[in-house]
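Please open the model in your viewer and keep the sequence panel beside it. The stops below each say what to select next and what is to be found there.

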Amino acid sequence: MPASISLLERPSTELPALPKAGVELCVVIPTFNERHNIEPLIDRLDLALHGVKWRAVFVDDDSPDRTWEEVRRLAADDDRIHCIRRLGRRGLAGAVMEGALSSSADLVAVIDADLQHDERLLAPMLAALREGEADLVMACRQLSQPGATTGLSAFRRTLSRLANRTTAWVAKRELSDPLSGFFMMRQSEFDRLAPRLSPRGFKILFDILATSRGELRVLELPFAFAPRAAGHSKFDQRVVADYTALALSKISRDLFSPRAVMFGLVGLSGIVVHFAVLRTTLGLGFTLAQFLGAATAMTSNYFLNNALTYRGRSRRGWRLLAGYAKFVALCALGLAANVGAATLVRKLGVPWWGSGAAGAVVGAAWNFLSTATAVWG
């Protein structure tokens, strides 16, 4: 059985000496439009990790504000700073994975570039791992004193409480803040879990905890979550959707990938749209109503999949319209099969809703198989 979780008060920042030939700690910092925060963050890391052999790996998703350019400018005079500029892909989880897997250090930490995480906590995290007290140390916003979560909205606090319950179920342990993006762990443990982690989404720590299923020894340290100093939060409804898909994937014990779960959720919304249009237009005749319902649902599914399921590869501008044309072309056979199957079942005396469902299932199967790679691949 893994060791139970220990809840610590913030320990001394005095670090036991540990001779090491190479870099001991790799700090992975995913970025997107954080140009003005880079230099202040490096200054803070320099103070917090004085005497430690560390390296900062900034993984930038080709920021429009050219964050990567600022990182490279600073790296020219500081060989502890490295930049990975990602083209054609987005997402915090994937960025963290690429940064961590590029490291040869014994320990890897993840911290946001928005200056809301207290970098002074890195020293006690490092001390706990050096002394063998844990495999992973996570900073927890919910453990701070009252009023210390001023940088966290009411909605995000609610989502965090929901995640606590989900983690207790999936990861078989009670944790205070599994959605925290601020943690440090042994590189060997990250390497072991990495093949089973999802590169999409934003909640990499939740994925690590859920995937490990209680195997990791975890320590929690409190910190005050500060208001954002510059830039804009990336938290939105799509992040919630990503988390929901990830949680359902973990509940299924990875039987379904988060992307497959999201595709399924979008498909369910399409069924709602389909039935709404079908019921509304039945007066035009069942076959025409079924066609209108299927076509409307197909359009809805395309735009939702573009925004959610394939968020990191979403199409924009003319590519969005071109992708829709390709999607429609590929789904034409599925649409024909949908209408044909529904009409046939209807002639057998099945109620309109049963006939509509039969057609929708046939169409959905074709859509998934034909469009996943051809449209967003």
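**Two loops with positive phi**

Begin by selecting arginine 66, which has its place in the loop between S3 and helix H2 (67–75); helices (H or I, at least four residues) and strands (E, at least two) are DSSP runs, numbered from the N terminus. The model is a predicted one, in which local features need pLDDT of at least 70 and side-chain atom pairs count only at pLDDT 80 or more, while totals for chains, interfaces and linings use all residues. Residues are numbered from 1 along each chain as its sequence is written, and side-chain values use heavy atoms, with hydrogens and water left out.

Arginine 66 is not a glycine, yet has a positive phi of about 60°. With 38% relative accessibility, arginine 66 counts as partly exposed, where buried means under 20% relative accessible area, exposed over 50%, and partly exposed in between (1.4 Å probe, protein chains only).

Now move to asparagine 33, in the loop between S2 and H1. Its phi is near 55°, again a positive value in a residue other than glycine, and asparagine 33 is partly exposed, with a relative accessible area of 29%.

**Strand S2 and its partners**

From asparagine 33, step back to strand S2 (residues 25–31), where 7 of the 7 residues are buried, so the strand is largely enclosed by the rest of the structure. In a regular strand the side chains alternate between the two faces of the sheet. Colour Leu25, Val27, Ile29 and Thr31 for one side of S2 and Cys26, Val28 and Pro30 for the other, and you will see that both faces are covered, since all of these residues are buried. Cysteine 26, for example, counts as buried at 2% relative accessibility.

Which strands pair with S2? One is strand S3 (residues 54–60), which pairs with S2 in the parallel sense over 7 bridges; two strands pair if DSSP finds at least two bridges between them. Select isoleucine 29 to find its bridge partner in S3, phenylalanine 58. Between S2 and S3 the chain crosses through helix H1 (residues 38–48), and this β-α-β crossover is right-handed, meaning that, with the strands pointing away from the viewer, the path from the first strand over the helix to the second runs clockwise. Strand S5 (residues 107–110) also pairs with S2 in the parallel sense, over 4 bridges, and here valine 28 stands opposite valine 110.

While cysteines are in view, select cysteine 140, which is buried with a relative accessible area of 0%. A search of the whole structure finds 0 disulfides, a disulfide being a pair of cysteine sulfur atoms within 2.5 Å.

**Aromatic rings**

Next, display the aromatic side chains: the structure holds 6 aromatic pairs. Rings of Phe, Tyr and Trp (its six-membered ring) pair if their centres lie within 6.5 Å, and planes under 30 degrees apart count as stacked, over 60 as edge-to-face and the rest as tilted.

Select phenylalanine 182 and phenylalanine 223, whose ring centres are 5.6 Å apart and whose planes meet at 90°, so the pair is edge-to-face. This pair links distant parts of the chain, 41 residues apart, with phenylalanine 182 in the loop between helix H5 (154–170) and strand S7 (183–186) and phenylalanine 223 in the loop between strand S8 (218–222) and helix H8 (237–251). Phenylalanine 182 and phenylalanine 223 are both buried.

Then select tyrosine 302 and tyrosine 324, with ring centres 5.4 Å apart and planes at 55°, so this pair is tilted. The two tyrosines, 22 residues apart, link helix H10 (residues 286–309), which holds tyrosine 302, to helix H11 (residues 318–347), which holds tyrosine 324. Tyrosine 302 is buried, with a relative accessible area of 0%, whereas tyrosine 324 is partly exposed at 25%. Add Phe303 and Phe327 to the selection, and you have the cluster that ring pairs form with Tyr302 and Tyr324.

**Charges over rings**

Turn to tryptophan 68, where the charged end of arginine 85 sits over the ring, 3.7 Å from its centre; the criterion is that NZ of Lys or CZ of Arg is within 6 Å of the ring centre and within 35 degrees of the ring normal. Arginine 346 likewise lies over the face of phenylalanine 286, at 5.7 Å from the ring centre.

**Last stop: helix H8**

Finish at alanine 247 in helix H8, which is buried with a relative accessible area of 8%. Its C-alpha atom is separated by 8.5 Å from that of phenylalanine 206, 41 residues apart along the chain.
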